[in-house]
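Colleague: Hey, can you walk me through this one? I'd like to look at the strands before anything else.

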Amino acid sequence: MTAALRDDFIPDAEPPALVVDELTTQIRVGRTWYDAVRGISFAVRPRETLALVGESGCGKSLTALSVMGLLPAGVGRVSGGRIVVDGVDMTAADEPTRESMRGDRIGMIFQEPMTSLNPVLPIGFQVAESLIQHRGLSKKAALNRARELLELVRVPAAASRLDAYPHQFSGGMRQRVMIALALACDPKVLIADEPTTALDVTIQAQVLALMADVQKREGLALLLITHNLGVVASVADRVMVMYGGDVVESGPVRAFFARPSHPYSEALLAAMPRIDGDTPLQPIAGQVPTLTQMPTGCRFATRCALRHDRCAELPPLTPVGDDPNHLVRCWARMSP
Amino acid sequence: MSAPAPTAAAPRSSAFGRATRSGGLALGVLIVVASIAAAVAAPWIAPFDPNAQDVLLVLSPPDTVHPLGTDAFGRDVLSRILWGARISLYVGFVATLAGVVIGTVIGVVSGYYGGLVDRLVVAATDVLLSFPQLIMGLLLVAVLGASLTNLIIAIAVTAVPAFIRMARGSTMAMRERDFVDACRALGYSDMRIMFLHVLPNILDELVVMASLWLATAIRTESTLAFIGLSVPPPTSTWGGIVREGFDNLLDAPWMSIFPSLAILAVMIGLNLIGDGLRDATDPRSPQ
């Protein structure tokens, strides 16, 4: 798998399309607000893919919803930090501004292609609608562009399928339509939340290849949320591992797979089936603590084999070895 | 099992196929369309002026000149029923339409946003629904006064809470669907999501319910007319004609029987349509 790793990431080549700076997102449980995402920072440049990895409940999707400004009102809120999309500060912007950014400058692809399209509207109209809304195109021009977009995502016989309804499409085809929808207005940033999880393995590979191809062609900054490390290895440039709302490790994909440094990253890799390995799969004992029971300090401490007294205090992100781009948040793995 | 049958006709499982299979829907449409056609064509097909009195021919039983007989003023019952259909059906349709539109808009908005306003709307609909529908209509006509417009308003108001409740419930279910999140991620306004994306998804249920409520609205109008709370005489409405015949029920039963049959026929027709549409749109209905 290492042969497929991409190493074409050039730091500081272009200004980032998406900057997240010390983002803290809170979730309300009862009457108390708990930190579900704690001060995470990252930037994604055009043509770059950043993978956000972690178990369910680690704050990956919350991070995505925070960036989109789609946290459910009254349940979730961004309580600190800044999110800058294509130069626009989303955290400082008012709702109409954010509404006009969504779908135009920043797009999102969801996990479930089967239910993410409106069942009673034709495919062509659904793709065209975004162009009518954000770009003020006429219906005819928008439908024409919709056909081009469907061709771009390789929906066969696109022209004749503009009038088709979602139930006439397979899961893979629907995910292609979702990608076309997200790309309609040439966004600068694309967030893909587990875009291939609901698809067959063969279709997964097709959709991933399509996304990589489109990303390169359109110069997109891609934030890929996944728990599939195989997907990370094949398409991502950089990876960020989250646990309990903290970034526990981040770095270039090659360095990460060569030297996974956080105990949680190691455990994730050990839990991944390998075709060449003769070591048995190692499940990670226990589960992510609920928000109300999060330990203070390092949140992985309750499940960690390397736990010691100092873990009651949150370790800082420090470089692994002498690689300034590869960071880990662990007392036990800190360089001396 | 030897060879697949060549070009076997695909089983018809479309909504249209399901709807037309039983024949009930077709019969219902036939009855209702015939009634509407009769009402529209009343000025041309009615044999007499519905308000023309003939003192020499009072309470005449059905014969070749007056196929449904005459009433206590010698007016032709057939002509009065045909003209009465115009009022009864018009009131029913307009009141239902108004009730559906107002109820749906309030219900969709309330269900989509939730929160305090939604709770107030629910409380208000519960209060309104706790009145029997007829009492409610009666109360409103009594307060507003008996006129065509007030009748429509009163009947529409009785329909509004039912449609609020239904549209709200369906919208709340739709709001949890992924495509609504996808719409929000595309930067669509709430208005657009509510009325361009959610509404078409709940329209089938609304149409079914509207056809059943149409029957209720026409029945309510007839009932109000029967107790004298409808368009003032001499204008004829179906319920009013039944009422006029009621005084001579034993001597001249045709005066009440024929308008009652007209009401019954339209009720049956509309209910057949409602049931047929429900079967057609319900995926669980037997194939």
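Modeller: Sure. In chain A, eight strands form an open sheet with mixed pairing, in the order β6-β7-β8-β3-β9-β10-β12-β11. Strands here are DSSP runs of E with at least two residues, helices are runs of H or I with at least four, and both are numbered from the N terminus. Two strands pair if DSSP finds at least two bridges between them.

Colleague: Is this a predicted model, and what are the numbering rules?

Modeller: It's a predicted model, where local features need pLDDT of at least 70 and side-chain atom pairs count only at pLDDT 80 or more, while totals for chains, interfaces and linings use all residues. Residues are numbered from 1 along each chain as its sequence is written, and chains are lettered from A and ligands numbered from 1 in the order in which they are written.

Colleague: Which strands stand at the edges of the sheet?

Modeller: β6 (106-109) and β11 (318-320) of chain A do; each has a single partner strand, so one side of each has no neighbour in the sheet.

Colleague: And how do β3 and β8 of chain A run?

Modeller: They run parallel, with five bridges joining β3 (residues 49-53) to β8 (residues 221-226) in chain A. A:Leu50 stands opposite A:Leu223 in β8(A).

Colleague: Which helix packs on the sheet?

Modeller: Helix α5 (residues 171-183) of chain A, which touches β6 and β7 (189-193) of chain A. Its direction makes about 170° with that of β6(A). Axes are lines fitted to C-alpha atoms, for helices over the stretch in contact, and angles run from 0 to 180 degrees between N-to-C directions. Contact means C-beta atoms, placed from the backbone, within 7 Å.

Colleague: New topic. At what angle do α3(A) and α4(A) pack?

Modeller: About 120°, with the axes of α3(A) and α4 (residues 139-152) of chain A 8 Å apart. Among the residues making the contact are A:Val127 and A:Leu131 of α3(A) and A:Ala142 and A:Leu149 of α4(A).

Colleague: OK, how many residues of chain A are in contact with chain B?

Modeller: 22 residues of chain A, against 14 residues of chain B. On chain A's side, α2 (95-101) and α3 (123-135) are the elements giving two or more residues.

Colleague: And where does UniProt place "transmembrane region" in chain B?

Modeller: The unreviewed entry lists several stretches, including 25-46 and 148-167. Positions follow the numbering used here, feature names are shortened, and annotations may be inferred rather than shown by experiment. In the model, residues 25-46 of chain B are 91% helix and 0% strand, with end C-alpha atoms 28 Å apart. Residues 148-167 of chain B are 100% helix.

Note on methods: Contact = placed C-beta atoms within 7 Å.
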